[in-house]
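Please open the model in your viewer with the backbone drawn as a cartoon and the side chains hidden for now. The tour below proceeds by selections, beginning with the whole chain and then turning to pairs of elements and single residues.

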Amino acid sequence: LVAAIGAVVYFAIEVMWRGWSHISMAVCGAICFSFFYFIESKIRFRRLPLIFKAVVGGIFISALELSAGLVLNKALELGVWDYSNVSHNFLGQVCLKMSIMWVILAFFAFLRR
């Protein structure tokens with residue numbers, strides 16, 4: 001259920017952000033939400049400050065984005081995204097601007113009501 005929610009949410013955010021998405025982004029969303037759910041279930045992690053959790057989440061998403069980008073965009077040449085023209089990018093697959101956005105997204109993912 002967590003993976004399915006992550007897939008739908010991540011895909012929907014991307015469609016709202018840039019007008020389209022790729023099915024691989026739903027897979028990435030499922031992986032991210034599952035990871036967040038898993039680490040949040042650990043009592044030690046649950047007690048950490050929210051900002052720390054957000055940074056960990058942002059780093060995880062950025063690492064997943066880099067990994068997926070190297071496979072999808074570089075190896076398979078699918079062209080799902082390209083940050084080559086964005087400042088502070090790494091191999092055109094991740095950039096500082098999006099990594100900061102991932103930290104913000106993770107902040108809301110870990111926010112408890």
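The radius of gyration used here is taken over C-alpha atoms, and the rule for a globule is 2.2 Å times the number of residues to the power 0.38. For the 113 residues of this protein, that rule gives a compact globule a radius of gyration near 13 Å, and the protein has 14 Å, which agrees. Please keep in mind throughout that this is a predicted model.

**The whole chain**

Start with everything selected and orient the view along the principal axes, where the C-alpha atoms fill a box of roughly 40 × 30 × 25 Å. If you colour by secondary structure, you should find five helices and two strands, which follow one another along the sequence in the pattern α-α-α-α-β-β-α. Colouring by accessibility instead brings out the 36% of the 113 residues that count as buried. Of the contacts between residues at least 6 apart in sequence, 54% join residues at least 24 apart.

**H1 against H2**

Select helix H1, residues 2-18, together with helix H2, residues 23-40. The axes of H1 and H2 come within 7 Å and cross at roughly 130°, and that angle makes H1 oblique to H2. Looking at the crossing itself, you will see that H1 passes H2 in a right-handed sense.

Now show the side chains on both helices. From H1, the contact takes in Val2, Ala3, Ile5, Gly6, Ala7, Val9, Tyr10, Phe11 and Glu14, which meet Ile23, Met25, Ala26, Cys28, Gly29, Ala30, Cys32, Phe33, Ser34 and Tyr37 of H2. Sorted by class, the contact of H1 with H2 has 15 nonpolar, three polar and one charged residues.

While H2 is on screen, pick out Ile23, a residue of this helix. Is Ile23 buried or exposed? With a relative accessibility of 61%, Ile23 counts as exposed. A distance drawn from its C-alpha atom to that of Val80 should read 9.8 Å, although Ile23 and Val80 are 57 residues apart along the chain.

**H2 against H5**

Keep H2 and add helix H5, residues 96-110. H2 and H5 pack at an angle of about 50°, with their axes 11 Å apart, and they are therefore oblique to each other. This crossing, in which H2 passes H5, is right-handed. The residues to display are Phe36, Ile39 and Glu40 in H2, which meet Ala106, Ala109 and Phe110 in H5. The contact of H2 with H5 divides into five nonpolar residues, no polar ones and one charged.

**H4 against H5**

Hide H2 and bring in helix H4, residues 50-75, which packs against H5 at an angle of about 130° with the two axes 7 Å apart. That angle makes H4 oblique to H5, and H4 passes H5 in a right-handed crossing. On the H4 side, the contact is made by Leu50, Lys53, Ala54, Val55, Gly57, Gly58, Ile61, Ser62 and Glu65, and on the H5 side by Met98, Ser99, Trp102, Val103, Leu105, Ala106, Phe107 and Phe110. The residues of the contact of H4 with H5 comprise 11 nonpolar, four polar and two charged.

**Cys95 and the strands**

Next, move to strand E2, residues 94-95, and select Cys95, which is found in this strand. Cys95 is buried, with a relative accessible area of 3%. Which residues does Cys95 contact, leaving aside its neighbours within four places in sequence? They are Tyr83, Val86, Ser87, His88 and Asn89. The C-alpha atom of Cys95 is separated by 8.5 Å from that of Ser62, which is 33 residues away along the chain.

From Cys95, step to its contact partner His88, which lies in the loop between H4 and strand E1, residues 89-90. Check the backbone torsion there, since His88 has a positive phi of about 60° although it is not a glycine. His88 is exposed, with a relative accessible area of 62%.

The last stop is Leu91, in the loop between E1 and E2. Phi of Leu91 is near 55°, a positive value in a residue other than glycine. With 44% relative accessibility, Leu91 counts as partly exposed.

Terms used. Residues are numbered from 1 along each chain as its sequence is written. This is a predicted model: local features need pLDDT of at least 70, side-chain atom pairs count only at pLDDT 80 or more; totals for chains, interfaces and linings use all residues. Side-chain values use heavy atoms; hydrogens and water are left out. Axes are lines fitted to C-alpha atoms, for helices over the stretch in contact, and angles run from 0 to 180 degrees between N-to-C directions. Helices (H or I, at least four residues) and strands (E, at least two) are DSSP runs, numbered from the N terminus. Angles under 35 degrees count as roughly parallel, over 145 as roughly antiparallel, 65 to 115 as roughly perpendicular and the rest as oblique. A crossing is left-handed if the near helix is turned anticlockwise from the far one by less than a right angle, and right-handed if clockwise. Contact means heavy atoms within 4.5 Å. Ala, Val, Leu, Ile, Met, Phe, Trp, Tyr, Cys and Pro count as nonpolar, Asp, Glu, Lys and Arg as charged, and the others, Gly among them, as polar. Buried means under 20% relative accessible area, exposed over 50%, partly exposed in between (1.4 Å probe, protein chains only).
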